[in-house]
Structures are given as structure tokens and as C-alpha cells.
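Please read the following walk through a protein model with the coordinates open beside the text. The path goes from individual loop residues to the core, the cysteines and the surface.

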Amino acid sequence: MVAQFIASMLATVSFAILYSTPKRHLLYCSITGALGWIVYLIFKDFGANTILCNFASAFSLSIIARIFAVFNQAPVTLYLFPGIIPIVPGAGIYYTAYYFFMNNMHQSGRFAQDTAKTVLAICFGIIFAMAIPQKLFKVIKKGEKKNGI
């Protein structure tokens, strides 16, 4: 799990650099992606299906991105876009296109359906996390400043 944590950090920071993220935010981006991937792995270890794993991962990394955004006074998308890279269903998209161009519509449709379910789970995870009022995150920040943390 440690190796996967590091690999997901590297993947996330690579995309953050590609998106021209300012250097002072790169560590936060990499932590966001790595923690999202770890949540995915934890749910997978408990026997959850891929859809639930992706939902939980997207939800948690969206919460983490919002927390980092409040504390660093930056847009949420600065952390969310690179952070979501480890859970994007790249292989599913690839095989959908591959079988489509190989004229195997049955396999292409099967992969397209699985990929669409995964993408919807990720979208709903982000939507549910973004539905939490922003005031909650600002209150958390004020509470930590008040306690001297």
C-alpha cells in the first residue's frame, strides 16, 4: 500500500505540473490524489464493488481538496483535477475505443457500460462532497486558528 501511495502521489503531481499548478500547491495536490487512491484501496480490500470504491474515493478526495482550498485560499479545482487522476478509468476508456475500432461491438459496449458507471460514481462523489456548505470548512479553519494550530 505504501508503494501505491507513492505511485499515486507521483502520478498526481505529474498532472499538477502539466496543469501548471503553482509550486507551493504541488505537495497538497499529490496528497489529495494519494489519499483518494488509498480510500479506493481500503474499500476494495473490504470487498466493495468498483462503483462504490470510486464513489467513496471521489467523495473523500473532494473533501480533502475543499479543506486544502480553504486553508491555502485557492480554488478547489486546483487540487481536485490533478487529485482525481489516479481513479479515472483510463483502461476502460482505452478498451472501449479499442474494441470499437476492432468492430467488436459487444466487447466495446460492455467496457463502455462499465466505464460509464465508474465515471458516474466519480461525478456523484464530487457532487455530494460539493453539496456540503462552504461555511462548514471556514468554521473548521477558524476553530484551528483559535486553538493555535
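N103 counts as exposed because its relative accessibility is 62%, where exposed means over 50% relative accessible area, buried under 20%, and partly exposed in between, all with a 1.4 Å probe and protein chains only. N103 sits in the loop between α5 (90–101) and α6, and its phi is near 60°, a positive value in a residue other than glycine. The model is predicted, so that local features need pLDDT of at least 70 and side-chain atom pairs count only at pLDDT 80 or more, while totals for chains, interfaces and linings use all residues. Residues are numbered from 1 along each chain as its sequence is written, and side-chain values use heavy atoms, with hydrogens and water left out.

A positive phi is also found at Q73, where the angle is about 50° although Q73 is not a glycine. Q73 belongs to the loop between α3 and α4, and with a relative accessible area of 67% it is exposed. A further loop residue is G47, which lies between α2 and α3 and counts as exposed at 63% relative accessibility. From G47 to K23 the C-alpha to C-alpha distance is 38 Å, with their positions 24 residues apart in sequence.

These loops belong to a protein chain with 7 helices and 0 strands, where helices are DSSP runs of H or I with at least four residues and strands are runs of E with at least two, numbered from the N terminus. The C-alpha atoms fill a box of roughly 60 × 30 × 25 Å along the principal axes. Of the 149 residues in the chain, 41% are buried. Among contacts (heavy atoms within 4.5 Å) between residues at least 6 apart in sequence, 67% join residues at least 24 apart.

What does the interior look like in terms of nonpolar residues? In soluble globular proteins, nonpolar side chains tend to be buried together. The largest nonpolar core here has 25 residues, of which Y79, L80, I84, I87, I122 and I126 touch the most other members; such a core is a set of buried Ala, Val, Leu, Ile, Met, Phe, Trp, Tyr and Cys residues joined through side-chain atoms within 4.5 Å. At least two residues of this core come from each of α1, α2 (26–45), α3, α4 (77–83) and α6 (105–130), and α3 gives the most, with 7 residues. When residues up to four places away in sequence are not counted, I84 touches L61, I122 and I126.

Helix α3 spans residues 50–72 and contains S60. S60 counts as buried because its relative accessibility is 17%. Leaving aside residues up to four places away in sequence, S60 touches G36 and V39.

The cysteines can be taken next. A search of the whole structure finds 0 disulfides, a disulfide being a pair of cysteine sulfur atoms within 2.5 Å. C53 is in no disulfide, and the nearest cysteine sulfur, that of C123, is 17 Å away; C123 likewise is in no disulfide, with the sulfur of C53 as its nearest at 17 Å. As for their surroundings, C53 is buried with a relative accessible area of 0%, whereas C123 is partly exposed with a relative accessible area of 36%.

C53 also leads to F43, a residue of helix α2. The C-alpha atoms of F43 and C53 are separated by 5.5 Å, although the two residues are 10 apart along the chain. F43 touches A48, L52, C53 and A56, again not counting residues up to four places away in sequence. At 31% relative accessibility, F43 counts as partly exposed.

F43 has a place on the surface too, since M1, I42, F43, F46 and L52 make a nonpolar surface patch of about 510 Å². Patches are made of residues with over 30% relative accessible area and no salt bridge, with like charges joined within 9 Å and nonpolar side chains (Val, Leu, Ile, Met, Phe, Trp, Tyr) within 5 Å; a salt bridge is a side-chain nitrogen of Lys or Arg within 4 Å of a carboxyl oxygen of Asp or Glu. M1 lies in the segment before α1 (2–18). For the protein chain, the accessible surface comes to about 8,900 Å², of which 71% belongs to carbon and sulfur atoms, with areas from the Shrake-Rupley method and a 1.4 Å probe.
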